[in-house]
Structures are given as structure tokens and as C-alpha cells.
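Work through the exercises below with the sequence and the model at hand. Each task is followed by a solution in steps.

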Amino acid sequence: MDHYDAAFEELNPLPRLLMGPGPINADPRVLRAMSAPILGQFDPQFRAYMVQTMALYREIFQTRNEWTFMIDGTARAGIEAIFVSVIEPGDVVLVPVFGRFGNLKVEIAERCGADVKVIETEWGAVFRPEEIEAALRRHRPKLVAICQGDTSTTMLQPLADIARLCRQYDALLYVDATASLGGNDLPVDAWQIDAVSTGLQKCLAGPPGVSPITVNDRVTAVVRRRRHVERGLLGPGESQGPGTRIASNYFDLAMLMDYWDEKGLNHHTEATTGLYAARECARLLLKEGLEQVFARHALAGRALVAACQAMGLALFGDIAHKMANVTGVYIPEGIDGERVRSALLQDFNIEIGASFGPMRGKVWRIGSMGYCARKDAVLITVQALETVLAAEGFRLLRGTGVDAALAVYREAKGASPVRA
Ligand SMILES: Cc1ncc(COP(=O)(O)O)c(C=O)c1O
């Protein structure tokens with residue numbers, strides 16, 4: 001059957017278990033919420049859902065920021081919206097890079113016309129505050145843009161000291177929490193982070209396609225100065241802001257704020273099903289409890305680490321600074337990493353991740369996040385990996401991986417009330 005004929009077959013994707021670095025399987029309740037009826041974007045019921053969603057994400061971001069709302073598009077939509085609305089051509093932006101997604105921020109900031117200053121650390125490590133301070137002193141940036149978790153390396157950058165330094169050097173701090181939010185603590189207000197964006201498709205247990213963001217008053221002031229209402233929407237006597245017009249219409253935070261607040265000034269057509277998904281992700285997470293969800297991710301991560309170590313696999317990077325929800329595992333000598341991934345997919349319907357850049361061909365990345373940060377999902381993945389590795393000739397004692405993961409879960413059950 002050629003592609004055209006195949007396109008008339010019913011859509012029937014295989015029931016994969018997504019244990020890579022994202023996307024993961026969306027919680028079925030999120031998928032159900034997405035099939036609710038479409039409402040008009042100015043229907044009072046829909047506007048109420050928008051306001052409720054803002055309130056729910058304030059709790060998830062641990063912030064009182066009024067401007068906590070959704071950008072339609074995958075996680076990079078949130079990054080682009082913040083960058084294009086904050087950065088004016090020629091602004092100095094400091095990007096500390098510790099993996100592929102740091103480089104993505106370099107690329108987006110350059111496209112916004114920023115004078116980008118990059119500092120790098122080796123993949124598998126994080127920055128020390130002194131390194132950031134030296135760069136702040138040297139470059140005096142308007143904005144510092146950094147990942148909390150870089151999915152490409154699995155590392156989790158400690159941010160409290162960096163945020164304090166950014167205040168000291170009067171720089172705005174933007175944090176990309178796409179990979180980490182929900183699985184790792186990020187108290188936005190307590191740490192005084194100015195802007196954060198994320199995506200639904202990782203620890204928030206949803207589909208890709210919506211990017212929740214939060215920005216504080218410092219960022220809002222920059223954005224509002226640049227407010228230029230779209231031609232055709234400007235009311236009589238209304239004037240435009242004194243700052244330079246934001247180069248993107250779709251990602252113009254000033255116009256998006258006018259759309260999301262009670263003014264309801266027309267902009268794009270809000271992605272109805274995306275909004276339902278975002279609301280349901282947040283509702284489920286907060287019903288379970290922020291602390292409980294962090295603990296569930298931590299437990300799944302610990303179980304995976306124990307299983308890999310018991311199987312004789314070496315872990316990638318500085319484990320003390322690993323995200324709870326992704327584990328990097330060295331592909332053993334003599335084993336073809338892609339054959340293993342392919343056998344997991346073909347024989348077990350399980351997806352794990354490959355790697356990019358300097359880690360390409362050397363490291364697998366196994367996720368345990370969102371709806372997939374579950375005991376059964378972890379145990380099945382470990383069991384399947386063990387079977388495939390043994391078939392590929394890797395010498396291991398069968399059963400040790402699953403036993404080690406189970407032991408972590410048993411121990412945690414004795415110690416805390418966390419649901420596996
Ligand atoms: C840390 C980080 N930032 C940004 C992105 C880009 O997200 P998206 O592919 O949803 O646009 C990803 C995707 O995995 C990510 O892990």
C-alpha cells in the first residue's frame with residue numbers, strides 16, 4: 001500500500017509505552033478531557049476555564065504572578081514568546097549551556113537579534129554559581145536564559161543561587177522548565193525567578209502542544225512598554241507603547257495579555273482542546289499534590305537507577321545533579337544501542353531515547369515521568385531491557401534489575417505514604 005492509500009486507513013497507533021525523554025503517554029483522563037465539546041473563545045464558560053487554568057498553574061509554578069497563562073504550541077513556543085517579547089535587538093543575553101536545549105536558547109535569542117554571550121560546561125555536569133557570577137560581572141546581561149533540566153544530558157541545574165546573583169547584577173532570569181516542572185521542585189517566587197516556561201508532554205502528563213508560562217512584574221513592565229495593538233483592533237484615542245514593536249504577532253506577550261485578561265481583546269483563536277488538556281493536567285497534578293508528585297518522580301528515578309546499576313550498566317553524568325525523571329545510561333561496550341532500542345520497540349512496544357551531540361551512540365535516556373512515573377511502567381521497562389540486553393550478548397544476572405527496582409519501591413512503601 002502506498003502512502004496515499006494508507007492515509008485512508010483508520011488511525012490506529014500502537015499502544016506504546018513511552019519511556020523516553022518525552023513525549024510520554026498522556027494520562028487517559030487528559031485525553032478524555034480533550035474530547036469535550038468545542039466552545040467559542042469568548043463563551044463565558046470557556047473564559048472561565050481560561051481563568052481557572054491560570055489559577056491552577058500559579059500553584060504548579062508556586063507563584064502569585066498574575067501573568068501565568070498558556071502559549072499555544074509546543075514548549076519552544078513558550079521560549080520564543082518570552083524571548084521575542086523581552087529581547088530587543090542588541091540586548092545582551094547570557095546563556096549558560098549544559099546541553100542541547102541551552103543551545104536552542106542561543107539559537108532563539110540570536111534570531112531575536114540579541115548579542116548572545118555563551119558559557120559552556122561539559123555535558124553531564126552543571127554550573128557552579130561562581131561561574132555564572134563571573135559571566136554576569138563580565139557581560140552585564142539584560143537577560144540570563146538557562147534550563148532547569150536539560151533533557152539531552154538529564155542534568156538538573158540548581159537555581160536558587162543563580163537567581164540571587166541575577167538580582168544582584170540586575171539581570172532578568174528566564175528558566176526553561178520544559179523537562180523538569182512537575183517532577184522537580186521549582187518554587188518560582190521563593191527563588192525570585194522572573195520568567196519560566198514549560199510544556200505539557202513530560203512531567204505534566206499531557207500531550208505536546210501547549211506551553212504554560214509565568215512572568216513576573218519585572219518582565220511584564222518590559223513587555224507592556226512594547227505594547228502595540230494590532231492594526232484594526234486599536235480603539236479610538238488609544239495609543240501604542242513607547243518601546244519597539246515585538247517582532248512576532250503570534251508570540252506577542254503584550255497582545256496575549258490583552259487577550260487573556262478581562263479585556264478579552266481579540267488575538268488568535270485559543271486552541272480549545274489544548275486548553276482543556278492543560279487544565280486537566282494541572283487539575284490531576286494538584287489533586288494528587290505537588291509534593292506527592294515530586295516524590296513519585298523521585299521514587300521512579302531511584303528505582304531506575306538502582307535497576308541499571310544492578311544490571312551492571314554505568315550511569316551517565318553527575319548523578320547527584322540528575323533530574324528525577326530522566327536517567328542516562330551508557331550503552332555497554334560491544335552492544336549496538338539502536339538494535340536494543342529497536343527490539344524494545346518491536347518486541348515490547350516500549351520506547352526509550354537515544355542521545356544527541358557528544359552523547360550520540362553512547363547513551364540511552366530512559367524517562368520515568370508524568371503518567372509514566374509509575375511502578376509498573378518502570379518494572380516492565382527494566383524487565384524488557386534485561387531480556388533484550390541478554391539476547392544481545394550482554395552478560396548479566398537475569399532478574400537483578402527488576403529485583404533492585406522492586407526493593408526501592410518496597411523500602412519507600414515502608415517509609416512514606418507515597419502512591420507508587
Ligand atoms: C529542556 C527543553 N527545552 C525545550 C524543548 C523543546 O520543546 P518542544 O519540542 O516541545 O518545542 C525540550 C524538548 O524536549 C526540552 O526538553
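**Exercise 1. The ligand shell**

Task: Divide the residues of the shell around the ligand into nonpolar, polar and charged, and state which helices each supply at least two of them.

Solution. The model is a predicted one. Step 1: by class, the shell around the ligand holds six nonpolar, five polar and three charged residues. Step 2: the ligand is surrounded by 14 residues, and the closest are T74, A75, R76, T151 and T178. Step 3: at least two residues of the shell come from α4 (75-86), and at least two from α5 (100-111).

**Exercise 2. The chain as a whole**

Task: Count the helices and strands in the protein chain, then judge its compactness from the radius of gyration.

Solution. Step 1: the protein chain has 15 helices and 13 strands. Step 2: for 420 residues the globule rule gives 22 Å, and the radius of gyration of the protein chain is 22 Å, so the chain is as compact as a globular protein of that length. Step 3: the C-alpha trace of the protein chain spans about 75 × 55 × 50 Å along its principal axes.

**Exercise 3. Helices α3 and α11**

Task: Describe how α3 and α11 pack, by angle and axis distance, and list the residues that meet.

Solution. Step 1: the axes of α3 (residues 44-61) and α11 (residues 272-288) are 9 Å apart, and the packing angle is about 40 degrees. Step 2: this makes α3 oblique to α11. Step 3: α3 and α11 form a left-handed crossing. Step 4: from α3 the contact takes Y49, M50, Q52, T53, L56, Y57, E59 and I60, which meet L275, A278, R279, A282, R283, L285 and L286 of α11. Step 5: the contact of α3 with α11 counts 10 nonpolar, two polar and three charged residues.

**Exercise 4. Helices α6 and α7**

Task: Are α6 and α7 roughly parallel or roughly antiparallel to each other? Give the contact residues of both helices.

Solution. Step 1: α6 (residues 129-139) packs on α7 at an angle of about 20 degrees, and their axes lie 9 Å apart. Step 2: angles under 35 degrees count as roughly parallel, and α6 and α7 are therefore roughly parallel to each other. Step 3: the crossing of α6 and α7 is right-handed. Step 4: P129, I132, E133 and L136 of α6 make the contact with D161, I162 and L165 of α7. Step 5: five nonpolar and two charged residues, with no polar ones, form the contact of α6 with α7.

**Exercise 5. Helices α13 and α14**

Task: Find the angle at which α13 and α14 pack, and class the residues in their contact.

Solution. Step 1: α13 (residues 337-348) and α14 (residues 375-391) pack at about 120 degrees, with axes 10 Å apart. Step 2: that angle makes α13 oblique to α14. Step 3: α13 crosses α14 in a right-handed sense. Step 4: V340, A343, L344 and F348 of α13 meet A384, L385, V388 and L389 of α14. Step 5: the contact of α13 with α14 has eight nonpolar residues, no polar and no charged.

**Exercise 6. Backbone features in loops**

Task: Place the cis peptide bond that joins G22 and P23 and the positive phi of D170.

Solution. Step 1: most residues other than glycine have a negative phi, and most peptide bonds are trans. Step 2: the bond between G22 and P23 is cis, with omega about 5 degrees. Step 3: P23 lies in the loop between β1 (17-18) and α2 (28-34). Step 4: D170 is not a glycine, yet its phi is positive, about 55 degrees. Step 5: D170 sits in the loop between α7 (160-168) and β8 (172-176).

Definitions and conventions:
Residues are numbered from 1 along each chain as its sequence is written. This is a predicted model: local features need pLDDT of at least 70, side-chain atom pairs count only at pLDDT 80 or more; totals for chains, interfaces and linings use all residues. Axes are lines fitted to C-alpha atoms, for helices over the stretch in contact, and angles run from 0 to 180 degrees between N-to-C directions. Helices (H or I, at least four residues) and strands (E, at least two) are DSSP runs, numbered from the N terminus. Angles under 35 degrees count as roughly parallel, over 145 as roughly antiparallel, 65 to 115 as roughly perpendicular and the rest as oblique. A crossing is left-handed if the near helix is turned anticlockwise from the far one by less than a right angle, and right-handed if clockwise. Two residues are in contact if their C-beta atoms, placed from the backbone, lie within 7 Å. Ala, Val, Leu, Ile, Met, Phe, Trp, Tyr, Cys and Pro count as nonpolar, Asp, Glu, Lys and Arg as charged, and the others, Gly among them, as polar. A residue is near a molecule or strand if its C-beta atom, placed from the backbone, lies within 6 Å of it. The radius of gyration is taken over C-alpha atoms; the globule rule is 2.2 Å times the number of residues to the power 0.38.
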